[in-house]
Amino acid sequence: MVTSSLPATKQPLCENDLSSTTSARKSRRTFSRLKGKTFVVKLGGSALEHQRTVIQDCICLHALGASIVLVHGGGPVINEWLTKLHVPIRFEHGLRVTDAQTLEIVRMVLCGQINQELVAMATQLGGDAVGLCGTDGNIVRGHIADESLGFVGEIDAIHPMLVRQVLDDGYIPIIAPLGLGPDGSSLNMNADLVASRLAAALQASRLTFLSDIDGIYGSDGSLISEMNEAEAHTLIERGVIKDGMIPKVNACLHALEDVPCVQIANGCTSHVLLHTLEDLPLGTKFVR
């Protein structure tokens with residue numbers, strides 16, 4: 001069994017982050033309750049340029065005794081590679097149409113580039129991280145639900161045993177959102193839905209989606225601080241919530257059945273994970 005902790009040279013970073021959020025006393029009281037809790041963080045591809053502070057927050061929370069799982073996306077980087085290789089980019093209902101050629105690029109970017117870069121950054125910052133793909137250890141099993149979308153998977157089951165083992169060994173699992181089909185082929189999975197289902201399977205205390213937006217906006221353009229299922233469905237029907245936000249909101253609502261705290265926040269905000277744990281007015285919270 002490996003016991004993970006930040007090197008001494010990294011501890012001041014965590015302490016400074018806690019002190020800078022609100023008062024040091026309130027911060028320490030808030031974060032003292034983290035030990036033994038499991039938090040799942042979904043880092044959207046649009047927020048990857050701010051990955052350093054997100055990784056710092058994950059390492060800090062891990063050092064304070066929380067079990068942290070990071071699921072990442074990679075849409076913008078995938079689009080860059082598709083454009084470089086002159087492969088058409090198409091979306092339907094917020095989901096990427098994934099033919100065989102696109103799937104190879106998706107796998108290359110998610111597993112071979114982004115995942116390894118995040119693990120390397122975590123290591124460089126003093127954390128202990130392990131890179132995983134949803135196909136490892138049967139973590140994500142699925143099937144093709146809509147032939148028009150190509151190799152896009154719908155989740156059938158989450159097997160969290162490998163993730164739990166990595167957590168128990170003192171590491172932060174960083175997971176690329178691919179899944180295994182019935183025939184053993186790889187499937188492109190929506191990262192929001194992977195994070196949602198994984199959070200439920202791990203009985204996580206909190207699920208936070210980090211993107212490049214502050215949260216969900218109403219028809220008048222104002223940020224909605226709290227939202228229930230009925231309100232979300234109304235905004236979807238009215239077209240206020242649309243495109244790629246639809247699967248994200250659906251993932252939030254699905255997770256809410258098992259996870260007590262589900263939130264969308266802006267991953268571009270410095271140390272946003274620490275701020276959300278202090279219940280500051282950030283993003284949109286989903287309530288039952």
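In the predicted model, strand 14 pairs with strand 16 (residues 284-286) in the parallel sense, over 2 bridges. Within this pairing, Glu 226 is positioned opposite Lys 285 of strand 16. Helix 7 (residues 191-201) packs on the sheet, where strand 1, strand 2, strand 8 and strand 11 (206-211) are touched by this helix. The direction of helix 7 makes about 155 degrees with that of strand 2.

The sheet as a whole is open and consists of 8 strands, arranged in the order 5-8-2-1-11-15-16-14 with mixed pairing. Its edges are occupied by strand 5 (129-133) and strand 14 (226-227); each has a single partner strand, so one side of each remains without a neighbour in the sheet.

A further helix, helix 5 (residues 100-124), lies across strand 1 (38-43), strand 2 (67-72), strand 5 and strand 8 (172-176). Relative to strand 8, helix 5 runs at about 160 degrees.

Helix 5 is also associated with helix 3 (residues 51-63): the two axes come within 10 Å and cross at roughly 60 degrees. The two helices are therefore oblique to each other, and helix 3 passes helix 5 in a right-handed crossing. On the side of helix 3, the contact involves Gln 51, Arg 52, Ile 55 and Ile 59, which meet Leu 118, Met 121, Ala 122 and Gln 124 in helix 5. By residue class, the contact of helix 3 with helix 5 comprises 5 nonpolar, 2 polar and 1 charged.

Methods
Residues are numbered from 1 along each chain as its sequence is written. This is a predicted model: local features need pLDDT of at least 70, side-chain atom pairs count only at pLDDT 80 or more; totals for chains, interfaces and linings use all residues. Side-chain values use heavy atoms; hydrogens and water are left out. Two strands pair if DSSP finds at least two bridges between them. Helices (H or I, at least four residues) and strands (E, at least two) are DSSP runs, numbered from the N terminus. Contact means heavy atoms within 4.5 Å. Axes are lines fitted to C-alpha atoms, for helices over the stretch in contact, and angles run from 0 to 180 degrees between N-to-C directions. Angles under 35 degrees count as roughly parallel, over 145 as roughly antiparallel, 65 to 115 as roughly perpendicular and the rest as oblique. A crossing is left-handed if the near helix is turned anticlockwise from the far one by less than a right angle, and right-handed if clockwise. Ala, Val, Leu, Ile, Met, Phe, Trp, Tyr, Cys and Pro count as nonpolar, Asp, Glu, Lys and Arg as charged, and the others, Gly among them, as polar.
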